Amino acid sequence: MVRSHDWIARLDTVDNPDSLFPRWDADPQDPASYNFAAADQWVAQVNRLGAQVLFTIASAIPHNKRPAADLAKYEIVVEHIVRHFVEGWGNGRPDSIRYWEFGDQPDFGKLHFAGTTGQFHAMYAAFARAVKRVDPRLQAGGPGLAFPLNADTGHREAFLDFVHEQRLPLDFFSYNWFSDGTRDPMDQRVVAQRLRAVLDARGFRKTALVADSWNYLGIPVNHAHPAEAAAYIVAAGIYLVDSPLDRACYFRGDGGWDPHYGFQDPAGYLGPDGRTDQRMIAVESLGQALNGKRLPASGGDEDGLAVLASRDEASGAVRVLVANHARPAAFAKPRQSDTLSFRVPIGAERVQMDFLLPPQRPVPAEPRPSQLSLTVMNRLWTSRRVTVNRLLVDKDGAHRSSFDAAPRHGAVMVDAPVGPNSFALFDINPA
């Protein structure tokens, strides 16, 4: 799944030539009133990859954050956007989008949505009606929370209560999470567990849980070595496999330059010069390890030493992914508050933000291991040689090696120099 963002396509609530509906005095029934060119190209590219699209309906921020002035017209416009990508209306691409999200961090102060929570709820109702009117089988959800553990913003419990009272659809509940305040890859699982409990307690047991943006760091002034971020990505991704999360979209698949806020976002997975670094290799390795039948694996922990094993059904190859993420020493100290405060720069303005963190988990007292030993058991390998392809990624870059091994009693044993803030992917193939 690939999630859209506002420099690809958004629906502004004010006139904007780059918006999907550029002028609000136009006829919403006329295909010529819409601006689908950029969105059409992007959706077609994602479809060619064989991936689903998670299409977000929200205003381009921070320049437009107003609520819709005419809800009835807004609903008609949303309906025709959906018809364009589902039915092919207006020379569109039919059956190209199934998942529709409303909202992009409406709780992010007043930077993303400047209306009241009641106005946001009413816009969600219009959005949900429009989506389901096109096809009840389409998936509609939101609200893309920025601070999902904050319970008093009007966008979590109050939003769920509104949806329940109005009997509106909520096929999935979406949110963002970055670990700036903890540097702990287990955050991703803990946050998912807490949100699942909130949904279940309010009767939304069938509503899927979607992290529509996740990564290590999201605050512009925070930085980490790409190897440290890469080890986090792999460890957190492995921990998410055993979480109640249904889908997760890594944010973000580019170099990180934000054209709206005008800064280099630390969440990009390329270097500032656009070159590949350890973070992109981490995303690729995680995808490879997840692509197959999961195998039981032991020896990892929940403190950054994570392990995942799978088997490719076509080739019989076994893949083992191991991450060794070490939380920085500053995060081992007991924190004074479970609230993280930071300021968002908008030109000369500094906007204060506060959000709740998961409870602090103690950092292991023992030092992180620098040498691991990997054993893979397969009784069918008793009389065969195997080829081991190893990718090791650390602060010095990516290191690849290949060698043959002779299993003993079905066991292949490999030394794995996976030190702190590194990861390794082993691909073991029958000869």
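1. A word on classes before the pockets: Ala, Val, Leu, Ile, Met, Phe, Trp, Tyr, Cys and Pro count as nonpolar, Asp, Glu, Lys and Arg as charged, and the others, Gly among them, as polar. This is a predicted model, where local features need pLDDT of at least 70, side-chain atom pairs count only at pLDDT 80 or more, and totals for chains, interfaces and linings use all residues. Residues are numbered from 1 along each chain as its sequence is written, and side-chain values use heavy atoms, with hydrogens and water left out.

2. On to the second largest pocket (on a 1 Å grid over the protein atoms alone, a pocket is an open set of points where a 1.4 Å probe fits, with protein on both sides within 12 Å along at least five of seven lines; lining residues have an atom within 4 Å of a point). Its lining has 17 nonpolar, 6 polar and 1 charged residues. Of the 24 lining residues, Ala297, Ser298, Val320, Leu374 and Thr375 lie nearest the centre.

3. Strand 15 (372-377; strands are DSSP runs of E, at least two residues, and helices runs of H or I, at least four, numbered from the N terminus) gives the largest share of that second lining, 6 residues.

4. Now the largest pocket: 36 residues line it, with Met1, Ala248, Cys249, Tyr250 and Val283 nearest its centre. By class, the lining of the largest pocket splits into 22 nonpolar, 7 polar and 7 charged residues. Helix 7 gives the most, with 6 residues.

5. Last, strands 11 (residues 305-311) and 12 (residues 318-324) run antiparallel, joined by 7 bridges. Leu305 sits opposite Asn324 in strand 12.

Key
Pairing = 2+ DSSP bridges.
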